[in-house]
Amino acid sequence: MDFIFYMGDVFTPVNFALLLLGTVGGLILGATPGLSPTMAVALLIPFTFQLEPQQGLILLGAAYTSTVAGGAVSAILLKIPGAPANIATTLDGHTMALNGQGAKALQVSFLASAVGGIFGVLLLIFLTPVLAQWALAFGPSHLFWLAILGVTVIGTLDSSSVVKGLLSGCIGLWLATIGFDDIMGAQRFIFHSSLSGGINVIPALIGLFAIPQVITMLTKGRKDSGAEVITVQRHPIGAAFREVFSRLRALSIGTAVGSIIGLIPGVGGQIAGLVAYDQSKKFSSESEKFGKGHPEGVIAAESANNAMVGPSLVPLLTLSIPGSPTAAVLLGGLLIHGIFPGPDLFMNYPAVAWTFIDSMLIGQILMCIFGLFIAGLAAKVARVPHAVMAAIVLALAVFGSYSVQNSMGDVYVMATLGLAMYFLERFGFSAAPLVLGLILGPIAEANFIQGSMIANATVGLGPYFFTGALNWLLIAIVVVSIGYSVWMELRQRRYTTKDDAVAKEESLT
Amino acid sequence: MKKWIAGAAMALTAMSGAAFADGHGDYPERPLLLMVSYGAGGATDFQARIVTMTAGNEDALGMPIAILNRPGAGGRVGWNWFATEAEADGYTLGAYNIPHFIAQSIEGGVEYSTESFEPIANWGADPAVFVVPTDSGFQSMADVVAYATENPGGLTFSGAGLFVGHHIAALQLEQAAGVELAYIPNNAGGAGAMRAVIAGEVLGGVNNLSDAFRAQEAGNVRILGVFDLERNDFLPDVPTMIEQGYDIDNASVNFRGVMVPAGTPQEVIDHLAAIVPTMFENGRVASRMEAGGSPMHIMTRDEVLEMWAARQETLEALLADLDN
Amino acid sequence: MTDLPRTQHIIASGLIAAVGVTVAYISFTQEPAQAYLFPRMISSVFAVLAIWTFGKALLGRTKVGNGLSAEAMKNMLPGLIVMLVYVFWAAKALGFYTATTIAVFIVISLYDPAPHGAAKTWIKRIAITAGFMAVMYGLFALLLNVFTPREVFF
């Protein structure tokens with residue numbers, strides 16, 4: 001119960017002020033399109049030079065926690081996910097906002113984030129040694145199958161046509177192969193010098209989601225359609241509480257999937273939200289409501305992406321191996337104070353380690369309180385006229401994608417992908433599967449090649465990829481996932497007419 | 001209106017600033033960038049952040065240095081950008097890793113070579129080491145080589161990528177011991193390669209001394225040998241490869257330092273070359289580097305130029321042998 | 001006009017099919033083979049799916065996607081031109097802050113429904129642009145320390 005003993009340290013005036021600063025700052029940075037959690041944390045590192053180790057980590061931990069949740073704000077209100085983790089939130093969250101339920105969607109999302117987040121941190125506190133073994137269990141063959149599992153989600157994600165969903169995913173997978181390949185160092189598909197570094201996920205994410213939104217606003221023209229873009233109905237916080245806790249299935253699936261997948265180094269954070277969304281859609285008795293503004297979609301996605309925060313630190317704190325880019329930055333923050341993470345971290349530096357974890361726990365609650373406050377302001381954001389909104393989002397997209405790597409090339413890539421995506425969307429393709437392909441492509445490829453190199457040196461390809469309980473478990477889930485999608489597709493075909501599909505499209509745009 | 005006035009004022013300052021830069025009167029008069037061709041949190045990034053933290057001091061450059069990460073393909077993405085697109089105005093610095101970029105330029109397919117860059121100063125030298133999981137049966141390099149002799153091409157071991165220091169070390173080991181090994185490059189860099197060792201996905205690995213030292217302290221790996229000419233202060237008990245009977249020099253030692261693109265004005269290079277090494281010598285930097293387990297090795301511009309030329313020769317010979 | 005989406009669908013899916021086939025062709029002809037192993041796998045699926053979609057469009061059996069109406073295209077055109085000039089030329093050539101100020105101001109002016117004649121409208125537009133740019137400068141230049149291209153102006 002050491003974590004309770006050190007809880008008091010979080011509430012000393014300086015520490016608590018830093019916690020507040022990290023939380024509020026993280027929410028704002030997270031809600032700004034183009035600023036990923038990794039960047040936000042990296043940008044804070046220089047500030048921590050001046051602080052005590054304990055204080056520096058409180059700041060970083062709070063910022064990490066709240067940037068992940070802050071990304072939901074722009075995902076819901078503008079359909080622009082703040083980070084890859086928030087992609088799944090756009091699917092139902094933005095549709096809810098279009099239906100006038102923006103405030104409700106934000107409240108639900110922050111509450112679900114807090115529930116998932118607290119659960120994740122508790123896992124970190126109580127089960128770290130067990131989880132560390134699990135984090136190591138995933139070798140190249142397992143990560144390959146996991147990426148394939150992600151790909152199977154593509155076809156059913158946010159698209160009325162499975163073929164077009166898969167095609168969008170393939171385009172994403174192909175875009176991911178542009179540039180130097182990570183292992184051999186060969187240059188592939190470089191048609192323009194802006195592409196020589198490959199397509200960075202963050203600028204691509206900004207372009208694919210933000211630019212189509214900008215153009216859609218422009219197509220409304222100079223109509224005097226009243227100042228409001230979308231209405232926002234008031235929604236009492238109490239009702240949001242009841243809403244979240246009455247949908248226990250989505251909440252628990254989201255939290256569980258987020259905690260498990262978040263643990264896997266290198267993959268987890270980016271796809272936890274999407275996999276949780278897909279799973280709760282498949283298990284839900286109201287699966288047809290998903291994608292049309294169903295609160296369960298938001299709950300599953302947001303509880304998953306915050307549940308992943310705690311477990312994603314397990315490999316870092318126990319094995320000194322950063323499991324995600326953000327964790328890598330946190331490692332830098334620890335090392336700079338001469339603190340080596342490892343099994344004896346909690347013995348050697350209990351005041352630092354436990355206060356850090358406690359601050360993430362308290363940070364989740366603060367994040368939720370501020371988030372609910374922000375949700376109250378949603379109506380104001382929605383009242384911004386579309387002309388102003390289009391201009392602001394365009395400028396933010398340009399600045400955001402530039403600042404990832406200080407590169408004009410990234411801005412060109414962002415704008416080109418965004419323009420293409422607008423036209424693709426008009427013809428039934430969607431951005432979410434495309435981004436998923438872009439994220440999963442490198443994971444699938446690198447692990448396939450590494451796996452086959454190891455396999456060729458040892459047991460051979462077949463045995464390497466097809467033996468072991470974990471491989472078979474993943475393969476089984478892949479097969480079930482594909483089978484379920486095919487079954488749903490066949491079942492729906494009987495009563496889906498062209499008019500239904502068109503009606504759904506209209507409601508989405 | 002205020003905005004316009006402020007904008008005009010800023011534009012004026014910017015232009016007059018440009019004029020100063022031409023005359024090098026007040027260089028540097030705005031913050032500098034240091035491009036690191038590896039991801040945030042990696043060893044190079046981490047060390048670059050520490051050694052540049054005192055840049056803003058009056059007795060140093062007087063302006064802070066911001067870190068810019070351009071990771072990808074073992075550093076090729078960043079160095080390609082640095083050689084072709086970075087402006088040679090003295091405000092864009094780059095971090096180099098030797099032997100990485102020289103080996104890659106010899107191998108081809110990239111747009112840089114030692115001619116594309118001008119070194120400023122070296123801050124660290126991080127030798128490669130051979131690690132095995134703690135529960136491994138291998139107790140010395142002799143055990144490793146014996147296994148590889150029995151199973152040609154069956155000894156899997158991880159490293160940070162192709163044509164980086166770890167790969168060079170692996171090639172030297174193959175050559176010196178006369179065995180065939182299965183080098184598995186990891187896409188997630190040194191950290192990913194270390195994970196593969198700890199998880200037992202591979203039988204061993206080549207990794208940075210600084211990272212391996214931490215992992216050994218944590219009880220996750222055992223270090224069997226150092227790919228350097230002398231034992232390291234951090235690991236006085238670990239023998240070098242030469243001591244264990246393998247003729248391997250320090251060609252794979254990862255030298256890290258600061259450079260600028262070729263074409264940067266000579267005055268700027270001289271100014272940086274005079275000041276940057278003193279920045280590295282700052283006591284605060286040294287204590288942070290020590291605490292982080294990162295071996296320092298400060299070299300001036302002239303020493304680095306010599307070292308680059310020497311490495312170019314060694315690596316050309318080594319890689320030429322491989323092609324045969 | 002009912003045939004407009006169908007023609008558009010044929011053009012759009014035709015373009016995608018062309019990209020798919022080109023990608024597949026490049027993947028299968030380039031060396032080294034090991035580096036192109038994965039692109040070969042993807043591009044085969046890509047090309048097959050793209051051709052299938054093209055076929056469906058030719059037969060007029062496309063179910064989803066509404067295409068583009070003439071009105072939407074007319075409305076977006078001026079904004080699109082501003083956007084292209086801003087992103088692909090002005091941002092780099094004029095400097096980020098100058099170009100963004102101009103682009104934001106033009107887009108707001110073009111799409112703001114308020115009457116162009118009134119002085120109040122213009123004051124409001126200038127105020128919004130200036131306020132937004134101040135926030136951007138504070139966030140990116142001061143807080144995040146991002147050095148944006150400043151070239152001719154700022």
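Me: A crossing is left-handed if the near helix is turned anticlockwise from the far one by less than a right angle, and right-handed if clockwise. In which hand does α18(A) pass α5(C)?

Reply: This is a predicted model, in which local features need pLDDT of at least 70, side-chain atom pairs count only at pLDDT 80 or more, and totals for chains, interfaces and linings use all residues. Residues are numbered from 1 along each chain as its sequence is written, and chains are lettered from A and ligands numbered from 1 in the order written. The crossing of α18(A) past α5(C) is right-handed.

Me: At what angle do helix α18 of chain A and helix α5 of chain C pack?

Reply: Helix α18 covers residues 386-405 of chain A, and helix α5 covers residues 119-143 of chain C. Their axes, lines fitted to C-alpha atoms over the stretch in contact, are 12 Å apart. The angle, on a scale from 0 to 180 degrees between N-to-C directions, is about 20°.

Me: How is α18(A) oriented relative to α5(C), roughly parallel or roughly antiparallel?

Reply: Angles under 35 degrees count as roughly parallel and over 145 as roughly antiparallel. The angle here is about 20°. Therefore α18(A) and α5(C) are roughly parallel.

Me: Which residues of α5(C) does α18(A) meet?

Reply: From α18(A), the residues involved are A:Val388, A:Ile392, A:Ala395, A:Phe399 and A:Ser403. Contact requires C-beta atoms, placed from the backbone, within 7 Å. The partners in α5(C) are C:Ile128, C:Phe132, C:Met136 and C:Phe140.

Me: How many helices are there in chain C?

Reply: Helices are DSSP runs (H or I, at least four residues), and strands are runs of E (at least two). From the N terminus on, the elements of chain C run α-α-α-α-α. With 0 strands, the number of helices in chain C is 5.

Conventions:
Angles under 35 degrees count as roughly parallel, over 145 as roughly antiparallel, 65 to 115 as roughly perpendicular and the rest as oblique. Two residues are in contact if their C-beta atoms, placed from the backbone, lie within 7 Å.
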